[in-house]
Amino acid sequence: MNKDQKNEVIELLKSKFSQYNNFYITNTESLTVAQVNDLRKTCFDKQVEMKVAKNTLIRKALESLDSEKYAGIFDALHGVTALMFSDSPKEPALIISSFRKANAKLEKPVLKAAFVADEIFIGDNQLTALTNIKTKNELIGEVIGLLQSPAKRVIAALLEKGKKEGAVEEAPAAE
């Protein structure tokens with residue numbers, strides 16, 4: 001790879017890191033070509049972009065954007081590295097988990113690090129926590145549900161009171 005090609009890759013990575021608030025750094029070493037293709041297809045179906053790049057190029061792209069912001073990630077850049085870019089904070093974690101379950105004998109892909117909404121998660125032991133992260137839409141739904149709950153109770157109480165009063169008023173009129 002010549003210098004121009006490397007610069008092209010760095011620019012591409014910079015645009016991806018700028019475009020997405022969430023990215024995962026995984027190790028896909030020892031996966032067969034068929035397994036990697038299956039993983040790529042799953043990512044594509046779930047609107048997660050998967051890119052493979054050299055660690056030094058990834059590091060240069062991150063450093064040129066904001067070396068302090070991404071400093072915690074640099075230690076994870078070793079071995080075979082595949083990047084997963086997503087708008088959803090947890091979709092890549094779900095893909096990794098389901099891929100491992102579908103291929104029970106595999107321990108790959110291994111999560112090396114994740115950058116989710118300005119938070120850094122290091123190590124494969126963070127995968128479970130990442131699968132439980134709530135998306136923006138899930139949080140909005142919960143807040144709306146919480147806000148609606150008291151209003152529904154008030155309306156139900158008023159309707160119930162109205163039924164009781166209506167029954168009391170109807171009884172004397174029937175005589």
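In this predicted model, the count of aromatic pairs comes to 8. One of them joins phenylalanine 17 and tyrosine 70, whose ring centres sit 6.5 Å apart with 40° between the planes, a tilted arrangement. Phenylalanine 17 belongs to helix 1, while tyrosine 70 is found in the loop between helix 3 (55–66) and strand 3, so this pair ties together parts that are 53 residues apart in sequence. Phenylalanine 17 and tyrosine 70 are both buried.

Another pair brings together phenylalanine 23 and phenylalanine 85; with centres 6.2 Å apart and planes at 45°, it counts as tilted. Here the link runs between strand 1, home of phenylalanine 23, and strand 3, home of phenylalanine 85, so parts that are 62 residues apart in sequence get tied together. These two phenylalanines, 23 and 85, are buried. Zooming out a little, Phe17, Tyr20, Phe23, Tyr70, Phe85 and Phe115 make up one aromatic cluster. A ring also turns up in a contact with a charge: arginine 59 lies over the face of phenylalanine 74, at 4.4 Å from the ring centre.

Now for the sheet. Strands of a sheet pair through backbone hydrogen bonds, and they can do this in a parallel or an antiparallel way. In this model, 5 strands build an open sheet with antiparallel pairing, in the order 2-3-1-4-5. Strand 2 (49–52) and strand 5 (119–122) are at the edges and have a single partner strand each, so one side of each has no neighbour in the sheet. From one strand to the next, the twist averages 15°. Strand 1 (residues 22–27) and strand 3 (residues 82–86) are joined by 5 bridges in the antiparallel sense, and tyrosine 24 stands opposite methionine 84 of strand 3.

Helices lie across parts of this sheet. Helix 1 (residues 3–19) lies across strand 1, strand 2 and strand 3, and runs at about 40° to strand 3. Helix 2 (residues 33–45) lies across strand 2 and strand 3, this time running at about 140° to strand 2.

One last residue to look at is asparagine 27, which lies in strand 1. Its relative accessibility is 13%, and because buried means under 20%, asparagine 27 counts as buried. The side chain of asparagine 27 reaches the backbone nitrogen of glutamate 29 at 2.7 Å. Leaving aside residues up to four places away in sequence, asparagine 27 touches Val80, Lys108, Pro109, Val110 and Lys112.

Conventions
Residues numbered from 1 in each chain as written. Predicted model: local features only at pLDDT ≥ 70, side-chain atom pairs only at ≥ 80, totals over all residues. Heavy atoms only, no water. Pairing = 2+ DSSP bridges. Helix = DSSP H or I, 4+ residues; strand = E, 2+ residues; numbered from the N terminus. Axes fitted to C-alpha atoms, helices over the stretch in contact; angles between N-to-C directions. Contact = heavy atoms within 4.5 Å. Buried < 20%, exposed > 50% of the residue type's maximum accessible area, 1.4 Å probe, protein only. Polar contact = N/O pair within 3.5 Å; in protein donor to acceptor, adjacent residues only side chain to side chain. Phe/Tyr/Trp six-rings, centres within 6.5 Å; stacked < 30°, edge-to-face > 60°. Lys NZ or Arg CZ within 6 Å of the ring centre and 35° of its normal.
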